[in-house]
Amino acid sequence: MLATLRSNWLSIRASYWFYPAIFAIGGLLLALVLVHLDRIGASRWLSQTNWIIPARPEGANNILTVLSGSMIGVASTVFSITIAAVAYASGTYGPRLLTNFMEDKGNQLSLATFIGTFVYAITVLRAVRSQDEAALGAVPAEAMSSAGFVPQLSLLVAFALMIVAVAVLVYFLHHIPASIRINTVLQNIGERLLREIDGRFQESGDKDPPVRPLPAGTPVPASESGYVRLIEFTTLVELARKHEFLLALRVRPGDFVYPGVPLVLAGERQLPDHLAHSVREAFAIGGSRTSEQDLEFSIDELVEIALRALSPGINDPFTAITAIHWLGAATAEIGRRRLDKEKWNEGDPDCPVFPPTNDFAHFLQRGFVAARGAIASNRLTALVALDALATAAGQVLGSHRRGLLVREAGALADLAATMLPDPDVDEIRRRHAAIIAGLEGPV
């Protein structure tokens, strides 16, 4: 259940309605509180301040009407620009990158600011009373003057919100074109991937997860279709230890499942229905992947951008080169971490829950190996990839991991030799030979 709640919370935060709804409620509450303070005379000191000229009902009505009308107009424009930018980015960089733009806090908070300011202005506007409206009884007599009722403090805050909204609009007009630049997109993906690596594998080392035999138990199948978005590993460990059975995960975050696909293999005995239900509750399944626990999701995004950039229809090797640089940085970072130790298992070799093998070879396969065919088809990207592999090989810990990178460099050079013309092949061979020579020596 907790996994589902966390998954729903991630979906809510990635939506375009959450922050606008919060700001709208905040604007409504702020307006009600400030109008109340004006009614009870708490803002009387404003009329005694020389540098503030009190507004009259007609002027207050005009200010608030213009503010509310302009804010809803700007909000509509902002939303239209955002949708146009999202459509452009989705068509250019790939539809799976749509989530990145939906989760962009700059876009969400900009829209929310305009919506919140609109709600605040329209709420304060209804409290303004001219002299001929005094008889309606909406405002206490002691709060009325011969000129009617104008919530001066609320009006002053509305003016301040207008200044903030203008600043946010300027920020938004800068943020949108900056956010759809391909270098910015790749930087955001790469930095997110590095943060996820650091948060998941927190200790340095060269240990990969041990290979453990699967328990000969009964599988616990999925009950719905979709992608595994989150797994509550701690809950699974507690269940396994409390009821003394082993759990071998057959899926990892990001895998697609449907009814009948095993989520886990239990121990050597049949799990009761209530325990099988508890195990299923530890898996959050939804219609899309999320980067919360899924390192492969960010790696796949970098690979996708590189593949699209190197496709014949686009032919943009320099975008692919930037993606390769971030892949190289992530590969080197993973190669310096203990992959057998995560927060939920603390590196315990006897932990009753063990996931599919997430060793260094697995992550290398999802990155450089997946993009090898496209990278080898272009001289520039092949040379950059060889350099990235060589740099990563010089930083990873352990001869095994270094050997995997050296072998991948050799496979890339061999493939490029079959796809490129002879002059380019000679340069690839020379670069590969220089890399091998430079990597000789102790790890």
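The lining of the largest pocket mixes residue classes: 7 are nonpolar, 12 polar and 10 charged. Here Ala, Val, Leu, Ile, Met, Phe, Trp, Tyr, Cys and Pro count as nonpolar, Asp, Glu, Lys and Arg as charged, and the others, Gly among them, as polar. This is a predicted model, where local features need pLDDT of at least 70 and side-chain atom pairs count only at pLDDT 80 or more, while totals for chains, interfaces and linings use all residues. Residues are numbered from 1 along each chain as its sequence is written, and side-chain values use heavy atoms, with hydrogens and water left out.

**The pocket**

Altogether, 29 residues line the largest pocket, and T99, N100, E103, D104 and R192 lie nearest its centre. Several helices (DSSP runs of H or I, at least four residues, numbered from the N terminus) come into play: α1 (2–13), α4 (98–102), α5 (105–125), α6 (152–179) and α7 (182–200) each bring at least two residues to this lining. With 7 residues, α7 gives the most.

What makes a pocket or a cavity? On a 1 Å grid over the protein atoms alone, a cavity is a set of points where a 1.4 Å probe fits but cannot get out, and a pocket is an open set with protein on both sides within 12 Å along at least five of seven lines; lining residues have an atom within 4 Å of a point. Grid points are joined across faces, edges and corners, and a volume is the space filled by probe spheres set on the points.

**The cavities**

Counting those of 30 Å³ or more gives 2 cavities. Here are the volumes, next to that of the pocket:

| Space | Volume |
|---|---|
| Largest pocket | about 860 Å³ |
| Largest cavity | about 70 Å³ |
| Second largest cavity | about 30 Å³ |

Around the largest cavity you'll find L193, I299, L327 and F360, among others. Its lining has 9 nonpolar, 2 polar and no charged residues. Both α11 (317–335) and α12 (360–375) supply at least two of them, and α12 gives the most, with 5 residues.

The second largest cavity has a lining that includes L389, A393, V406 and I435. Two or more residues come from each of α13 (379–393), α14 (399–419) and α15 (422–439). By class, this lining has 9 nonpolar, no polar and no charged residues.

**The annotated spans**

An unreviewed UniProt entry marks residues 16–37, 63–89, 109–128 and 149–173 as "transmembrane region". In the model, residues 149–173 are 88% helix and 0% strand, with end C-alpha atoms 38 Å apart.

Notes. UniProt positions are given in the numbering used here, feature names are shortened, and annotations may be inferred rather than shown by experiment.
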